[in-house]
Amino acid sequence: MNFNAYGFGPDDDRKWIIVDCGVLFGREGATPGVDLIMPDISFLAERRDDVLGIIATHAHEDHIGAIALLWPMLKCPVYATPFTARLIEGKLDEAELIGKAKLKVVPPHGKLSLGPFEIELVSITHSIPEPNAIAIKTPLGTVVHTGDWKIDPDPVVGKKADIGRFKALGDEGVLALVCDSTNALVKGRSGSEAEVKKHLTELIGTIKGRIAVTAFASNVARLDTIAKAAKMHKRHVVLVGRAMHKIVQAAKETGYLQDFPPTIDFEDAEDIAPHKVLYLCTGSQGEPRAALPRIASGEHAVKLGPGDTVIFSSRVIPGNELPIFELHNKLATIGVEVLSTEDHFVHVSGHPARDELTEMYRWVRPKIAVPVHGETRHLHAHAALAKSLQVPQVVTIENGQMLKLAPGKASVIDETPSGRIHLDGTVLVAEGLGLARKRRALGFAGMIAITLVLDEKNRVAADPGIILEGMPEPVHEAVRTAVDKALDRHNPRKNDEGDLRESVRRAARRAAEDAWGKKPVTRVEVVTV
């Protein structure tokens, strides 16, 4: 859910640029009914006349996924390199914003001027085409914002990192390095896609039955590796999952994957011998609506079973452990062999380990280090590394804090709203409304809905209507008995409608707790006839 804002100028005339505008995916247990979570940008929405543009570092969802959803609050131009722009365009199209939102394509290594900011894109390597660090030059100094990156000496798709340009920026003088912290706890280096290509190709050649490989669809280099390995071993490639088709198409349209092997539809694959097929599937994180989880549950046209193999060419994103392990178990239950990074060298990270971070600091030599993009322990590990490398000032900040970089010593000078916004169905709602919390309560203990019918003299005129959802049968009888007793105690002359509603609600909830040990959500409505 990356969203970074850089401002320049006095409080009453400060101009802003935004770097990235991403989403976090909702989790069924924590945010039921919420597909996407994005940052509260009200601070900048109130100042949108001073927001000069959004610059996307690369096309991962946690960097571009909220652009189409939040753009109406900002209405500023969006800048991106060709591949990233192609995917943003698709999102704008779905949101019916084509022709309204200005999407401007910047070439790799491109430059642009936005008010007091001179911006330069610097090529770096990551697990998606066209990742860029951004050099932001101002009259008070240059900030290098790395985005997501690693140092891959042999990338399968795209160019190597422009190390010479990073060194030149260091020679020119860098005020601050705002840098990825995701792998700050990992020793050594992240590894190369070329090594993964070698091992995956060898592994695919040893398997006899059907093969399904699941990977992050955005990792175009990995898709290229898997498809070419399939071709080498005389297997037809089948793309399974909407994101796979979308990414492959976008990559081809922007000059990548020009020699990608031909693919076939999964309907045609049914007539081909098992050892001649390789499925390239979405769902590596156990997402319930993605292709592989549906295949494992028998809900997809693609069928796997005994003698077939699934390769997880991906890592387990923290927080996704349970759905992924559940997916592994479902596949094992239907007789499928599961291979992952625990068994074979089939994945490398797209983020810098400690040796790569050290190299970046030696190239850029900033006066200030600002660790970003990671959990708290990653930020602190990154900060400790920067201090050990003799960076003059290291600052860790929290969401919403406004950090002054210049002039003078870097310091936190203000705090802005920094909550979350949920995409609930098709509606944007503030996290503070508590809808997810209420749904969790419903999921944990169910709901009791009671309708009371009173006459014009405040007397009970009919048997109550009682609906209990999500509760075992013994609770039903206990609640009905408690409601009847509460109604028997009702005195039309002394107790008004509100008193009756509350006494019945408490009686029903207490009875459910006594019978079950849980407190269901309880609602009472009164109808007068």
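Of the 529 residues in the protein chain, buried residues make up 50%. The model is a predicted one. The chain holds 16 helices and 26 strands, and its C-alpha atoms fill a box of roughly 85 × 70 × 50 Å along the principal axes. Among contacts with a separation of 6 or more, 72% are between residues 24 or more positions apart. The accessible surface comes to about 24800 Å², and carbon and sulfur atoms account for 50% of this surface.

**A helix and its buried residues**

Helix α12 spans residues 354-364. Its buried residues are Glu356, Leu357, Thr358, Met360, Tyr361, Trp363 and Val364. Against which elements do the buried residues of α12 pack? They pack against three strands, β11 (141-145), β12 (176-180) and β18 (368-372), and against two helices, α5 (163-172) and α13 (376-388). The residue that follows α12 is Arg365, which has a positive phi near 50 degrees.

**Charges and salt bridges**

The protein chain carries 66 positive and 69 negative charges, and the mean positions of the two groups are 3 Å apart. Side chains of opposite charge can pair when their charged atoms come close. The structure holds 22 salt bridges, including the three in the table.

| Salt bridge | Distance, N to O |
|---|---|
| Lys15 and Asp13 | 3.7 Å |
| Asp50 and Lys15 | 2.9 Å |
| Glu61 and Lys91 | 2.7 Å |

Lys15 takes part in a salt bridge with Asp13 and also in one with Asp50. Asp50 lies in the loop between α1 (42-45) and β5 (51-55), while Lys15 belongs to strand β2 (residues 15-21), so this pair ties together parts that are 35 residues apart in sequence. How accessible are these three residues? Lys15 has a relative accessible area of 23% and is therefore partly exposed. Asp13 is partly exposed because its relative accessible area is 43%. Asp50, at 22% relative accessibility, likewise counts as partly exposed.

The salt bridge between Glu61 and Lys91 links distant parts of the chain, with Glu61 in helix α2 (residues 61-64) and Lys91 in helix α4 (residues 82-94), 30 residues apart. Is each partner of this pair buried or partly exposed? Glu61 counts as partly exposed because its relative accessibility is 26%. Lys91 has a relative accessibility of 17%, which lies under the 20% cut-off, and so it counts as buried. Elsewhere, Glu120, Lys137, Arg165 and Glu172 are joined into one network by salt bridges that share partners.

**A positive patch on the surface**

Which residues form a positive surface patch? Arg437, Lys438, Arg440 and Arg523 do so. Helix α14 (residues 435-445) supplies the largest share of the patch, with 3 residues. Lys438 is found in this helix. Its relative accessibility is 48%, and Lys438 therefore counts as partly exposed, since exposed residues must have over 50% relative accessible area.

Key: Residues numbered from 1 in each chain as written. Predicted model: local features only at pLDDT ≥ 70, side-chain atom pairs only at ≥ 80, totals over all residues. Heavy atoms only, no water. Patch = residues over 30% accessible without salt bridge, like charges linked within 9 Å, V, L, I, M, F, W, Y side chains within 5 Å. Areas by Shrake-Rupley, 256 points an atom, 1.4 Å probe, with all protein chains shown as cover. Salt bridge = Lys/Arg side-chain N within 4 Å of Asp/Glu carboxyl O. Lys, Arg positive; Asp, Glu negative; His and termini not counted. Charge placed at Lys NZ, Arg CZ, Asp CG, Glu CD. Helix = DSSP H or I, 4+ residues; strand = E, 2+ residues; numbered from the N terminus. Buried < 20%, exposed > 50% of the residue type's maximum accessible area, 1.4 Å probe, protein only. Contact = heavy atoms within 4.5 Å.
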